[in-house]
Amino acid sequence: MPAKVAFARDVDEGLSKEQKTLPSRYFYDGTGSRLFQQIMELPEYYLTRCEQEVLTTNKQAMAALFARGSYFHLIDLGAGDALKTKVLLAELTQQKLAFDYVPVDISGDAMQQLSKSLHNEIPNLKVEAVVGEYFQSLDWLQENKSERKVVLFLGSNIGNFEEPESIRFLTSVRSYLQPGDQLLMGVDLRKDPEMILKAYDDASGITAAFNLNLLQRINKELGGDFNVNQFRHYAMYNPLEGVMRSFLISLSDQDVHIQGSNKTYHFNAWEAIHTENSHKYTIPQIKMLGQLCGFRIEKVFYDSKQLFADVLFAVDQ
Ligand code: AVI
């Protein structure tokens, strides 16, 4: 199905529900990807800096655990600009490990830029960029099933899945892996709720713009007539569930027409559109999630404040 048709269908489905939703995977058009780059540099958004620290501090130990004497594919799901992965790539190259790099991302622009920058920065690295959604990238894993793989799923991307979806996704990843393969997964850990809340509701309003851009994208690509000023970003963290939820709140009673679906959607004043979940975990939860999907924890790497973890999973017989 063409991407635009799927987008129109998903938007219509979400806005036709009793409790309106829009899928967060549609945040990442050109503008959304640029805004996300800015989010990653915000003082409040600790996740990226913490993971950068985890990778920088532990790159040698990670390389030693990846090295098993045979050639492997390093597959980076949701690579983006791969700023964090570059720390690992430099280390693996320096240690002369035999591998190639397969970044996968929904953004074609990001993959083009990344291939170019890697060509300049690590000229000898073999790169095969794949453009597609996570589930599509599994095709690549299937085609190359017999070769050794280390899969990276960094940046707490797993946190944006609902629980059943995360189980389905990790189970599929596992089904394409063999004993000896590994998965390194970045997870945001439970912590002071205030700190989490600020990371998703920053003082400069970049996260608000990122969330609202989804309405602008619908206007641009599907012929919507959202008045973006009539919606507000709202974020709340539930410490019982460990879930950060983001919403767009309608500020007035209003109708929005979308040409792509040829429908008008009514919004009551203060009605919410649920746009994103970002799950925060404990290590026992991650251990259980891994077990459910056929993975065993080989090692957990933390930053110095234990706010974030990169968990290395092994695949058993
Ligand atoms: C991509 N993902 C892991 C980010 C997160 O933290 O859930 C997306 C994001 N949403 C708001 N800020 C960042």
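Two strands count as paired if DSSP finds at least two bridges between them. The legends below apply this to a predicted model.

**View 1. Strands 11 and 12 pair in the antiparallel sense.**
Strand 12 covers residues 308-315, and 7 bridges link it to strand 11. I297 stands opposite F313 of strand 12. Strand 11 (295-302) is an edge strand of its sheet, pairing on one side only.

**View 2. Seven strands make an open sheet with mixed pairing.**
The strand order is 3-2-1-4-5-12-11. Its edges are strand 3 (130-131) and strand 11 (295-302). Two helices that pack on this sheet follow. Helix 5 (residues 108-121) touches strand 2 (99-105) and strand 3. The direction of helix 5 makes about 155° with that of strand 2. Helix 6 (residues 134-143) touches strand 1 (72-77), strand 2, strand 3 and strand 4 (149-153). Between the directions of helix 6 and strand 1 the angle is about 170°.

**View 3. Strand 1 is mostly covered.**
Of its 6 residues, 6 are buried. In a regular strand, side chains alternate between the two faces of the sheet. Here F72, L74 and D76 point one way from strand 1. H73, I75 and L77 point the other way, and these are buried too. Strand 1 runs parallel to strand 2, and 6 bridges join the two. L77 has V104 of strand 2 as its bridge partner.

**View 4. S146 sits in the loop between helix 6 and strand 4.**
Exposed means over 50% relative accessible area. S146 has 65% relative accessibility, so S146 counts as exposed. L22 lies 124 residues from S146 along the chain, and their C-alpha atoms are separated by 37 Å.

**View 5. Helix 3 packs with helix 4 in a right-handed crossing.**
Helix 3 spans residues 46-66 and helix 4 residues 83-94. Their axes are 9 Å apart, at an angle of about 25°. Angles under 35 degrees count as roughly parallel, and helix 3 and helix 4 are therefore roughly parallel to each other. Helix 3 contributes T48, E51, Q52, L55, T56, K59, Q60, M62, A63 and F66 to the contact. From helix 4 come L83, K84, V87, L88, E91 and L92. By class, the contact of helix 3 with helix 4 has 8 nonpolar, 4 polar and 4 charged residues.

**View 6. Helix 1 and helix 9 cross in the left-handed sense.**
Helix 1 (residues 3-15) packs with helix 9 (residues 206-222) at an angle of about 125°. Their axes lie 11 Å apart. The two helices, helix 1 and helix 9, are therefore oblique to each other. K4, F7, A8 and V11 of helix 1 meet R217, I218, E221 and L222 of helix 9. The contact of helix 1 with helix 9 divides into 5 nonpolar, no polar and 3 charged residues.

**View 7. Strand 7 pairs with strand 6 and with strand 10.**
Strand 7 (residues 243-250) has 7 of its 8 residues buried, so strand 7 is largely enclosed by the rest of the structure. Strand 6 (residues 231-238) runs antiparallel to strand 7, with 8 bridges joining them. Strand 6 and strand 7 form a hairpin with 4 residues between them. In the turn, G242 has a positive phi of about 70°. Y237 has M244 of strand 7 as its bridge partner. In strand 10, the bridge partner of M244 is S278. Strand 10 (residues 272-279) pairs with strand 7 in the antiparallel sense over 7 bridges.

Technical notes: Residues numbered from 1 in each chain as written. Predicted model: local features only at pLDDT ≥ 70, side-chain atom pairs only at ≥ 80, totals over all residues. Heavy atoms only, no water. Axes fitted to C-alpha atoms, helices over the stretch in contact; angles between N-to-C directions. Parallel < 35°, antiparallel > 145°, perpendicular 65-115°, else oblique. Left-handed = near helix turned anticlockwise from the far one by under 90°. Contact = heavy atoms within 4.5 Å. Nonpolar A, V, L, I, M, F, W, Y, C, P; charged D, E, K, R; others polar. Buried < 20%, exposed > 50% of the residue type's maximum accessible area, 1.4 Å probe, protein only.
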